[in-house]
Amino acid sequence: MKYRTLGRTGIAVSPYCLGTMMFGAMGNPDHDDSIRIIHRALDAGINFVDTADVYSAGESEVIVGKALKGRRDDVVLASKVHYPMGDDPNHRGNSRRWIMTAVENSLRRLQTDHLDLYQIHRPDPAVDVEETLSALSDLVRSGKVRAIGASTFPASEIVEAQWAAERRGLERFRTEQPPYSILNRSIEREVLPVCQRYGMGTLVWSPLGQGLLTGRYRKGQHTDTHRSGGMPQHFTDQRKLDVVEQLIPLAEKAGLPMTHLAMAFAIAHPGVTSAIIGPRTMGQLDDLLAGADVTLDDEVLDRIDEIAPPGTDAGPNDVSYTPPAVSHVIRRRRPAAERSAA
């Protein structure tokens with residue numbers, strides 16, 4: 001496994017990052033099997049592990065903590081905070097109050113005294129970014145966190161956070177974790193260039209298009225899988241399926257499984273540091289590891305650009321962040337009495 005520097009942190013990470021969302025009740029409930037998968041990834045040279053407190057309500061972090069016993073110093077460990085962890089309205093979000101509590105909970109579950117990377121899972125319009133950065137800065141200075149990052153932030157909010165950090169002398173986001181795949185390339189327009197401009201590392205999620213780029217989902221065919229049951233609208237999106245149908249013969253011509261084509265594409269962009277893989281089974285992990293040495297030539301990449309144009313999404317990114325300016329009707333419509341020009 002080759003290694004890349006995570007932005008300007010000086011931390012060396014593998015181009016594949018092991019995502020652990022599928023370990024626990026959300027995916028694989030067998031702790032021992034999940035631990036074997038983690039060990040297999042580490043043995044293959046993956047040294048970057050990403051989790052979050054919300055994954056299976058903390059169970060994923062518990063599994064990761066068990067798996068890293070005796071191996072913690074060899075792993076770049078990342079976790080995230082933001083999503084609700086219970087019914088209490090203060091057990092969520094990006095406030096100092098919650099961050100300080102959540103990090104202690106994560107450290108306890110992970111059985112470690114520090115995180116190499118602590119990320120804000122999504123923006124929180126209700127919290128001043130300086131409040132969030134101030135809390136994270138204190139965690140860095142206390143030694144509980146080595147570096148801080150964001151996840152699925154719009155380019156404008158990444159820039160705002162960078163300016164706020166410089167203005168207030170706070171720790172700045174060193175990484176961004178955005179969605180990226182052949183099907184979802186919109187971050188090529190602004191997010192990746194902004195990250196490159198600020199020297200931020202990127203660990204992109206869902207390089208397999210949330211499963212559509214495995215080749216298991218075809219137009220006109222019904223496939224009942226673990227993933228498809230939770231996101232039926234994603235797996236029946238005809239725009240995405242049209243792209244998949246064009247990619248399948250391209251992969252066959254290149255002599256590659258679809259998964260290998262998709263992963264090699266994701267890590268070929270100069271703005272991408274690492275792509276997160278999220279296996280639920282050992283077979284899924286072994287398939288992805290088998291494609292670690294695949295290099296796509298310019299001819300294949302040019303053809304992908306024709307099928308899925310750079311900077312565009314084939315369809316809506318079903319689980320990404322939608323800012324309030326778009327999602328809240330009241331922010332998109334003037335009061336009825338003010339809508340006319342005369």
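Two residues are taken to be in contact when heavy atoms of theirs lie within 4.5 Å. With that in hand, the meeting of two helices in this predicted model can be described. In helix α9, the residues V243, Q246, L247, L250, K253 and A254 meet E299, V300, R303, I304 and I307 of helix α12. Sorted by class, this contact of α9 with α12 has 7 nonpolar, 1 polar and 3 charged residues. Helix α9 spans residues 238–254 and helix α12 residues 298–307, and their axes come within 10 Å and cross at roughly 170 degrees. Angles over 145 degrees count as roughly antiparallel, and α9 and α12 are therefore roughly antiparallel to each other.

L247 of α9 and I304 of α12 turn up again in the interior. The largest nonpolar core holds 89 residues, and those touching the most other members are Y118, L133, F173, L247, L261, L296 and I304. Apart from this core lies another of 11 residues, including C17, L117, A147 and I276.

Y118 offers a way to follow the packing further. Beyond its neighbours within four places in sequence, Y118 is in contact with a set of residues including V81, I99, L136, L139 and I148, and also K80.

What, then, surrounds K80, and is K80 buried or exposed? This lysine lies in strand β5, made up of residues 76–81, and is buried, with a relative accessible area of 0%. Its side chain reaches the backbone oxygen of T51 at 2.9 Å. Leaving aside neighbours within four places in sequence, K80 is in contact with D50, T51, A52, D53, Y55, Y118, Q119, H121, S151 and Q177.

Key:
Residues numbered from 1 in each chain as written. Predicted model: local features only at pLDDT ≥ 70, side-chain atom pairs only at ≥ 80, totals over all residues. Heavy atoms only, no water. Core = buried A, V, L, I, M, F, W, Y, C linked by side-chain atoms within 4.5 Å. Buried < 20%, exposed > 50% of the residue type's maximum accessible area, 1.4 Å probe, protein only. Axes fitted to C-alpha atoms, helices over the stretch in contact; angles between N-to-C directions. Helix = DSSP H or I, 4+ residues; strand = E, 2+ residues; numbered from the N terminus. Parallel < 35°, antiparallel > 145°, perpendicular 65-115°, else oblique. Nonpolar A, V, L, I, M, F, W, Y, C, P; charged D, E, K, R; others polar. Polar contact = N/O pair within 3.5 Å; in protein donor to acceptor, adjacent residues only side chain to side chain.
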